[in-house]
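User: I would like a close look at one part of this protein. Please keep to what the coordinates support.

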Amino acid sequence: MPHDRARHGSHDGHVQQHRTCSGMRMQHMLAQRPGFAKEQFKEYLEAEAVRREVRPLIENKEKIVLAPASSAYKHSLKEVLSCPGIASRIKDTKAAREVGALQDFYDLLSTDSTRAFYGPGHVFAAAEM
């Protein structure tokens, strides 16, 4: 089926990414997909890791966190990271700290909009604050 080939082609990209980062330490891998697609993705990832002998994935398969999302695209990441169950599992990671910093920034802008500067003149004014 063409749909299956397209889906497997997309999943192959993830397998290849993990093949190239063999020296890196993996804390968690967040797999966000709608409905049952996340389980299918994890099964495919584990099977391909064994077939292609991708050591980082084989050794860290328990660190794959499945997360329900409205889509598998980047814009759903905020939705997934705001989920308390996911946030608690990845709380000690760089991604969680970055999400927290971004949320602090948004909160600051919502309470004090004069702190946002955009052009060169604005940047000089911000530097003088």
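Is Tyr-106 buried, partly exposed or exposed, and what is its relative accessibility? Please go on from there to its aromatic partner and to the charged pairs in the helices.

Analyst: The model is a predicted one. In it, Tyr-106 has a relative accessibility of 40% and counts as partly exposed, because that class covers values from 20% to 50%. Phe-105 is also partly exposed, at 43%.

The count of aromatic pairs in the structure is one. That pair is made by Phe-105 and Tyr-106: their ring centres are 6.1 Å apart and their planes meet at 45 degrees, so the pair is tilted. An angle under 30 degrees would have counted as stacked, and one over 60 as edge-to-face.

Helix H6 spans residues 94–111. Within this helix, Lys-94 forms a salt bridge with Glu-98, with 4.0 Å between the closest N and O atoms. The two residues are four apart in sequence, which means a separation of about one helical turn. Lys-94 counts as exposed, since its relative accessibility is 55%, whereas Glu-98 is partly exposed at 46%.

The structure has five salt bridges, and helix H2, residues 37–52, holds further examples. There, Lys-42 and Glu-46 are bridged, their closest N and O atoms lying 3.9 Å apart. Four residues, or about one turn of the helix, separate them. Glu-46 is partly exposed, with a relative accessible area of 26%, and Lys-42 is partly exposed too, at 22% relative accessibility.

Also in helix H2, Glu-48 and Arg-52 are four residues apart, again about one turn. Their salt bridge has its closest N and O atoms at 3.0 Å. Here both partners are buried, so each has a relative accessible area under 20%. This bridge belongs to a wider arrangement: Glu-48, Arg-51 and Arg-52 are linked in a network of salt bridges.

As for the setting of these helices, the protein contains seven helices and two strands, arranged from the N terminus as α-β-α-α-β-α-α-α-α. Of its 129 residues, 24% are buried; Glu-48 and Arg-52 are among the buried ones. The accessible surface amounts to about 9,100 Å², and carbon and sulfur atoms account for 58% of that area. Of the contacts between residues at least 6 apart in sequence, 65% join residues at least 24 apart.

Note on methods
Residues are numbered from 1 along each chain as its sequence is written. This is a predicted model: local features need pLDDT of at least 70, side-chain atom pairs count only at pLDDT 80 or more; totals for chains, interfaces and linings use all residues. Side-chain values use heavy atoms; hydrogens and water are left out. Buried means under 20% relative accessible area, exposed over 50%, partly exposed in between (1.4 Å probe, protein chains only). Contact means heavy atoms within 4.5 Å. Accessible areas come from the Shrake-Rupley method with a 1.4 Å probe; for residues, only the protein chains shown count as cover. Rings of Phe, Tyr and Trp (its six-membered ring) pair if their centres lie within 6.5 Å; planes under 30 degrees apart count as stacked, over 60 as edge-to-face and the rest as tilted. A salt bridge is a side-chain nitrogen of Lys or Arg within 4 Å of a carboxyl oxygen of Asp or Glu.
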